[in-house]
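Me: I'd like to go through the labels people attach to a model like this one. Can we set each of them against its cut-off?

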Amino acid sequence: MIHELFHNTKAIQCRETDGSGLAFSATVTGVMVDCAGFHSLTFLIDVGDNAGNAFDGANKLTFTVEEGTAADGSGAAEIAAGDYLGAKDSTGTSWDRILDEAAADNQTYQIGVRLNTTRYKRVVATEGGTVTTVPLTIIAVLGHPRFAPV
């Protein structure tokens with residue numbers, strides 16, 4: 001058994017913007033991640049400087065995880081509440097998956113997800129109010145492979 005991360009994880013870019021930021025208009029959907037061959041999944045969400053409208057209670061982004069049986073995302077729906085293992089910000093503080101305060105930008109967030117029988121997962125960011133542009137990168141980190149090294 002190998003006891004290090006490098007050979008036991010796989011990182012997949014789900015969504016990236018250039019430094020100018022991502023323009024929001026209701027919903028931004030990441031690519032479906034194929035979880036076959038792995039036993040764990042964590043999404044990393046790197047949020048840059050929100051130079052447009054600052055996040056607050058009215059202007060916010062809400063992150064959810066969807067799952068489905070099709071690689072193209074057709075028929076995907078939000079995972080059950082019990083399949084969220086937790087979420088935290090870059091300081092390790094518990095996070096409700098909503099960016100709704102001015103200090104929420106310039107941080108990296110994590111969402112842990114339970115893997116079940118549904119093979120594909122993705123992150124969806126939904127705009128509330130007006131979020132003009134914000135640099136945003138979403139990475140899926142698959143771990144605990146059935147066969148290592150990856």
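Reply: Sure. Let's begin with a cut-off: a residue counts as exposed when its relative accessible area is over 50%, and as buried when that area is under 20%. Keep in mind that this is a predicted model.

Me: Why is His144 called exposed?

Reply: Its relative accessible area is 57%, and exposed means over 50%, so His144 earns the label. His144 sits in strand β13.

Me: And why is Gln13 called partly exposed?

Reply: Gln13 has a relative accessibility of 47%. The partly exposed class lies between under 20% and over 50%, so Gln13 belongs there. You'll find Gln13 in strand β1, which covers residues 9-16.

Me: What makes a residue a contact of Gln13, and which ones are there beyond its neighbours within four places in sequence?

Reply: The test is heavy atoms within 4.5 Å. Val31, Ile138 and Ile139 are in contact with Gln13, once those neighbours are left aside. As for Asp100, 87 residues away along the chain, its C-alpha atom is 24 Å from that of Gln13.

Me: What makes the phi of His144 worth a remark?

Reply: Most residues other than glycine have a negative phi. His144 isn't a glycine, yet its phi is positive, near 50 degrees. Asn106 is another non-glycine with a positive phi, about 55 degrees, and its place is the loop between β9 (98-99) and β10 (107-113).

Me: Which peptide bond is called cis, and what is its omega?

Reply: The one from Ala148 to Pro149, with omega near 0 degrees. Most peptide bonds are trans. Pro149 lies in the segment after β13, which spans 136-145.

Me: How do you know that the radius of gyration agrees with a compact globule?

Reply: For 150 residues, the globule rule gives a value near 15 Å, and the protein has 15 Å, so the two agree. Along the principal axes, the C-alpha atoms fill a box of roughly 50 × 35 × 30 Å. Of the 150 residues, 41% count as buried.

Me: How many helices and strands does the protein have?

Reply: There are 0 helices and 13 strands. Among contacts with a separation of 6 or more, 82% come from residues 24 or more positions apart.

Me: What about charge: how many positive and negative side chains are there, and how far apart are the centres of the two sets?

Reply: The protein has 10 positive and 18 negative side chains, with 10 Å between the two centres.

Technical notes: Residues numbered from 1 in each chain as written. Predicted model: local features only at pLDDT ≥ 70, side-chain atom pairs only at ≥ 80, totals over all residues. Heavy atoms only, no water. Helix = DSSP H or I, 4+ residues; strand = E, 2+ residues; numbered from the N terminus. Buried < 20%, exposed > 50% of the residue type's maximum accessible area, 1.4 Å probe, protein only. Rg over C-alpha atoms; globule rule 2.2 N^0.38 Å. Lys, Arg positive; Asp, Glu negative; His and termini not counted. Charge placed at Lys NZ, Arg CZ, Asp CG, Glu CD.
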